[in-house]
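Biologist: Before we talk, could you please put the sequence and the structure on the screen, so that I can follow the residues as we discuss them?

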Amino acid sequence: MGIGVGDYDQDGDLDILLVNDCLWPDYIPTKLFKNNGLDPACTAPCDPTQDWLFAEVGVSEGLVEAPGTADCRNGMGIAVGDYDRNSKMDVYYSNVGDAVLFCSGHASGGVFRDSSAVAGVDGQAWPLFSWGTFFFDYDLDGWQDLFLSLGSHHYPSIEDPHPNMLYHNKGDGTFSDVSNSMGMNDDTRGRTVIYGDYDNDGDPDVLLANFGEAIQLKRNENTNGNHYLWVELEGTISNRDGIGSKLKLTAADNSVQYFETRSGSSLGGGDQIDAHFGLGTNTSILELEVTWPSGTVDVIVNPPIDTKLKLVEGVALDVSLASFTAHLNKENKVDLNWTTVSEENNDYFIVQHSIDGRTFSDLGKVEGNGTTSEVNQYSLVDPNPQKGVNYYRLKQVDFDASVTYSEIRQVAYRPDSDLLQVFPNPVSNELLQVVYNNTTTTVKIEVVNAIGMVLIQQTYDLTSDSGLQTALDLSELQAGIYTIVVEDGGEKHFKRVVKQH
């Protein structure tokens, strides 16, 4: 009924997991086929259809009980993903009755362990029939959630409505049922279910095919402000779509996520093939590492966020960027400056601009220096920044047309009537950016609570005529409404800010 492909033993090749609709009395349990590669005894030229070796290891690896036992689950759909972020792919598959979650990464008694009850994703007792399923990060918090299609059987005698299940990953090895609150508990006769970002807004949407009923498209309207990165792969030595590639993403808070690129999933459908990472409140990525099936390893340092990034095999960043800054000058224009310490195959830079931090357009082009180990400085001016927060990034283009991106820089611009800007607002545990655009010498900033108590106070002696841009750490403050007070030569300016958990 369902096939999951992945490198469960992390030896560099793809193994096969087969779940069977194990009907009585002909019990056919789950099968795990370990990939042992070409038979070393074959005579060249070897035939992959005849000489490629797999070994069935379901029992020894902990996915199946010993032969002769009652381990006969009616596997339907299958999900493969790293829900506990330990770099090893876990397996969840649907069933007639309780669905089953196998956590991977154990040393004794087999690689896999049944964690269904501990994680809280079982309990779909007979006569519930579950079908399609997948791991995905619907709220972009960096932890893989689970969706399970729980449509009723097509036999008239078992026609009770069975609401679908959406499980939120709490990041501690357990899940909570959020089907009702997220509007995903439809009692249709669900079968195939897949996810993908059909509207290109950064969060994964869901398409559900039902037995004898209309297809449902569930648009994800995530508004929690979490960031993301989608990664599209293009193989050159490896297969075109990079099937079998392993991606490792390290966010600014040093959290690490893992993804394996695969084609086809669940029951009768295929999810969007791109790698999808939720970043939570992280506003930058330290590193993205891609290990291709060919063995090539590409490492991208500080890739952009809140975008879809296309990576071509063997084309990592060819420019060592020492700095990239963006500042509002006294003429209300944005000075963009960057410095490289080495360049290889660097054709040109494109400076890109955005007003929402997600959708970027080209602002201007600056020629690169080809290949050099010298320090080079570049600059560009944005003469017309938009009111509010402006986002800038560098798009670096090689002579072979491959592309990489810098980190995003933010500049807040105000009309003359609005000297003070604070962002993000609401703010959670990230730093609150405070921008005061005025030519002055000494500025005092205070954070005041609802009863007028000063909780944070900072004084700044300015040496520049471009004003002040600083960051305040509000992480120790409780959730609530606070006032940012900026005092300049006896004149005070105020901004309200909402602090979230």
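Biologist: Are Glu-260 and Arg-262 buried or exposed?

Modeller: This is a predicted model, in which local features need pLDDT of at least 70 and side-chain atom pairs count only at pLDDT 80 or more, while totals for chains, interfaces and linings use all residues. Residues are numbered from 1 along each chain as its sequence is written, and side-chain values use heavy atoms, with hydrogens and water left out. The scale runs from buried (under 20% relative accessible area) through partly exposed to exposed (over 50%), with a 1.4 Å probe and protein chains only. On that scale, Glu-260 and likewise Arg-262 are buried.

Biologist: What is the N to O distance in the salt bridge of Glu-260 and Arg-262?

Modeller: A salt bridge here needs a side-chain nitrogen of Lys or Arg within 4 Å of a carboxyl oxygen of Asp or Glu, and by this rule the count comes to 16. The side chains of Glu-260 and Arg-262 satisfy it, with an N to O distance of 3.2 Å.

Biologist: Which salt-bridge partner of Glu-213 is buried, and at what relative accessible area?

Modeller: Glu-213 meets Arg-189 in a salt bridge at 3.9 Å, N to O. The two are 24 residues apart, Glu-213 in the loop between strands S14 and S15, and Arg-189 in the loop between strands S12 and S13, a strand (E, at least two residues) being a DSSP run numbered from the N terminus. Glu-213 counts as partly exposed because its relative accessibility is 35%. The buried partner is Arg-189, at 18%.

Biologist: Which residues form a network of salt bridges with Glu-234?

Modeller: Glu-234 forms a salt bridge with Lys-310, their closest N and O atoms being 2.8 Å apart. This pair links distant parts of the chain, since Glu-234 is in strand S16 (227-234) and Lys-310 in strand S22 (308-312), 76 residues apart. Lys-310 counts as partly exposed because its relative accessibility is 40%. The network joins Glu-234 to Arg-240, Asp-241 and Lys-310.

Biologist: Which elements give two or more residues to the lining of the largest pocket?

Modeller: A pocket is an open set of points on a 1 Å grid over the protein atoms alone, where a 1.4 Å probe fits, with protein on both sides within 12 Å along at least five of seven lines; lining residues have an atom within 4 Å of a point. The largest one has a volume (the space filled by probe spheres set on the points, which are joined across faces, edges and corners) of about 1,000 Å³. Of its 38 lining residues, those closest to the centre are His-227, Thr-283, Gln-410, Pro-424 and Glu-430. The elements in question are strands S23 (319-328), S29 (409-413) and S34 (468-472).

Biologist: Which strand supplies the largest share of the lining of the second largest pocket?

Modeller: About 300 Å³ of space lies in the second largest pocket, and the residues closest to its centre, out of 25 in the lining, are Val-80, Arg-262, Gly-264, Ser-265 and Asp-271. Strands S1 (2-6), S5 (78-81), S9 (133-136) and S18 (256-260) each supply at least two lining residues. The largest share, four residues, comes from S5.

Biologist: How far apart in space are Leu-420 and Tyr-405?

Modeller: Leu-420 lies in strand S30 (420-423), and Leu-420 is buried because its relative accessible area is 3%. Tyr-405 is 15 residues from Leu-420 in sequence, whereas the C-alpha to C-alpha separation is 30 Å.
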